[in-house]
Amino acid sequence: MNINSISPFWKIVIAILICEATGIVSGLISQADMNPWFDTLNKPSWNPPGAVFAPVWTTLYLLMGISLGLVWKSSAPEPEKKAAEYLFAAQLFLNFWWSIVFFKFHSLGGAFLIIVLMIITIIWTIFKFAPISRAASWLLVPYISWVCFASILNYTIWSLN
């Protein structure tokens with residue numbers, strides 16, 4: 001099967017599955033060491049309850065997948081699409097590693113470095129997606145908003161510990 005012969009619908013479905021799978025696998029890798037250690041850390045009063053994170057991330061991965069799918073199925077020139085897709089892959093790679101570095105390796109500073117790089121690549125991705133699909137670009141706004149919040153939380157927890 002030629003990748004270009006995949007229907008637009010399936011491109012979006014595949015993109016969503018890639019994003020959701022990234023979150024699931026990263027979560028599974030980091031989950032075993034997460035709660036006992038994290039519970040001992042000093043956290044700010046505005047730290048969201050743990051129950052918030054799974055639905056927020058599930059929604060964000062869904063929006064990210066739709067965004068990627070819109071770019072993938074677009075009729076934009078291949079070099080432009082490929083550059084945007086590679087950039088998306090770079091930020092998704094960083095996203096994958098953040099939870100592992102933070103929760104499994106307990107490296108608050110390392111995770112902060114990763115999340116700063118995530119912010120840069122997500123913003124860059126938004127700007128790369130915009131000429132290809134305005135909707136794809138806007139679908140990443142909740143993601144960058146949450147990651148900016150998470151970076152402040154990451155830094156604050158690092159500072160408190």
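## Close-ups of a predicted helical model

**View 1. Ser-30, tucked away in helix 1.** With a relative accessible area of just 2%, Ser-30 is buried. This serine belongs to helix 1, and everything shown in these views comes from a predicted model. A polar atom of the Ser-30 side chain lies 2.9 Å from the backbone oxygen of Ser-26. Looking further along the chain, and skipping residues up to four places away in sequence, Ser-30 touches Ser-99, Ile-100, Phe-103 and Lys-104.

**View 2. Helix 1 from end to end.** Helix 1 covers residues 8-31, which makes 24 residues. How far apart should its ends be, at 1.5 Å a residue? The expected span is 34 Å, and the end C-alpha atoms are indeed 34 Å apart, so the two agree. Buried residues are dotted along this helix: Lys-11, Ile-12, Ala-15, Ile-16, Cys-19, Glu-20, Thr-22, Gly-23, Ser-26 and Ser-30. Notice that the list includes Lys-11 and Glu-20 as well as Ile-12 and Ile-16.

**View 3. The largest nonpolar core.** This core is made of 41 residues. Met-64, Phe-88, Trp-98, Phe-102, Met-118, Phe-129 and Tyr-143 have the most contacts inside it. Which elements give two or more residues to this core? They are helix 1, helix 2 (34-40), helix 3 (53-73), helix 4 (78-104), helix 5 (108-129) and helix 7 (141-160). Helix 5 gives the largest share, nine residues.

**View 4. Helix 5, up close.** Helix 5 has 22 residues, and from its first C-alpha to its last it reaches 31 Å. That is close to the 32 Å expected at 1.5 Å a residue. Its buried residues are Leu-108, Ala-111, Ile-114, Ile-115, Met-118, Ile-119, Thr-121, Ile-122, Thr-125, Ile-126 and Phe-129. Several of these turn up again beside Trp-98, which touches Ala-111, Ile-114, Ile-115 and Met-118, along with Phe-103 and Asn-154, not counting residues up to four places away in sequence.

**View 5. Two aromatic pairs, two arrangements.** The structure holds 19 aromatic pairs, so here are a couple to look at. Phe-53 and Trp-146 meet edge-to-face, with 5.8 Å from centre to centre and 70 degrees between the planes. Phe-53 sits in helix 3 and Trp-146 in helix 7, so this pair ties together parts that are 93 residues apart in sequence. Is each partner buried or partly exposed? Phe-53 has a relative accessible area of 25% and is partly exposed, whereas Trp-146, at 15%, counts as buried. Now for the pair of Phe-88 and Phe-129, which is stacked: 5.9 Å centre to centre, with 10 degrees between the planes. Phe-88 lies in helix 4 and Phe-129 in helix 5, so the pair links parts 41 residues apart in sequence. Both of these phenylalanines are buried.

**View 6. A cluster of rings, and a lysine over one of them.** Ring pairs join Trp-37, Phe-38, Trp-98, Phe-102 and Phe-103 into a cluster. One member, Phe-38, has company from a charge: the charged end of Lys-43 sits over its ring, 4.5 Å from the centre.

**View 7. Ser-74, in the loop between helix 3 and helix 4.** Here the serine is found in a loop. Is Ser-74 buried or exposed? Its relative accessible area is 15%, and under 20% counts as buried, so Ser-74 is buried. Its side chain reaches the backbone oxygen of Val-71 at 2.9 Å. A polar atom of that side chain also lies 3.3 Å from the backbone nitrogen of Ala-76. Leaving out residues up to four places away in sequence, Ser-74 touches Lys-81 and Ile-132.

**View 8. Two more loop residues, His-106 and Gly-50.** His-106 is placed in the loop between helix 4 and helix 5. Its phi is positive, about 55 degrees, although His-106 is not a glycine. With 33% relative accessibility, this histidine counts as partly exposed. Gly-50 has its place in the loop between helix 2 and helix 3, and at 59% relative accessibility it counts as exposed. Along the chain, Gly-50 and Cys-148 are 98 residues apart, and their C-alpha atoms are separated by 18 Å.

Definitions and conventions. Residues numbered from 1 in each chain as written. Predicted model: local features only at pLDDT ≥ 70, side-chain atom pairs only at ≥ 80, totals over all residues. Heavy atoms only, no water. Helix = DSSP H or I, 4+ residues; strand = E, 2+ residues; numbered from the N terminus. Expected span 1.5 Å × (residues − 1). Buried < 20%, exposed > 50% of the residue type's maximum accessible area, 1.4 Å probe, protein only. Core = buried A, V, L, I, M, F, W, Y, C linked by side-chain atoms within 4.5 Å. Contact = heavy atoms within 4.5 Å. Phe/Tyr/Trp six-rings, centres within 6.5 Å; stacked < 30°, edge-to-face > 60°. Lys NZ or Arg CZ within 6 Å of the ring centre and 35° of its normal. Polar contact = N/O pair within 3.5 Å; in protein donor to acceptor, adjacent residues only side chain to side chain.
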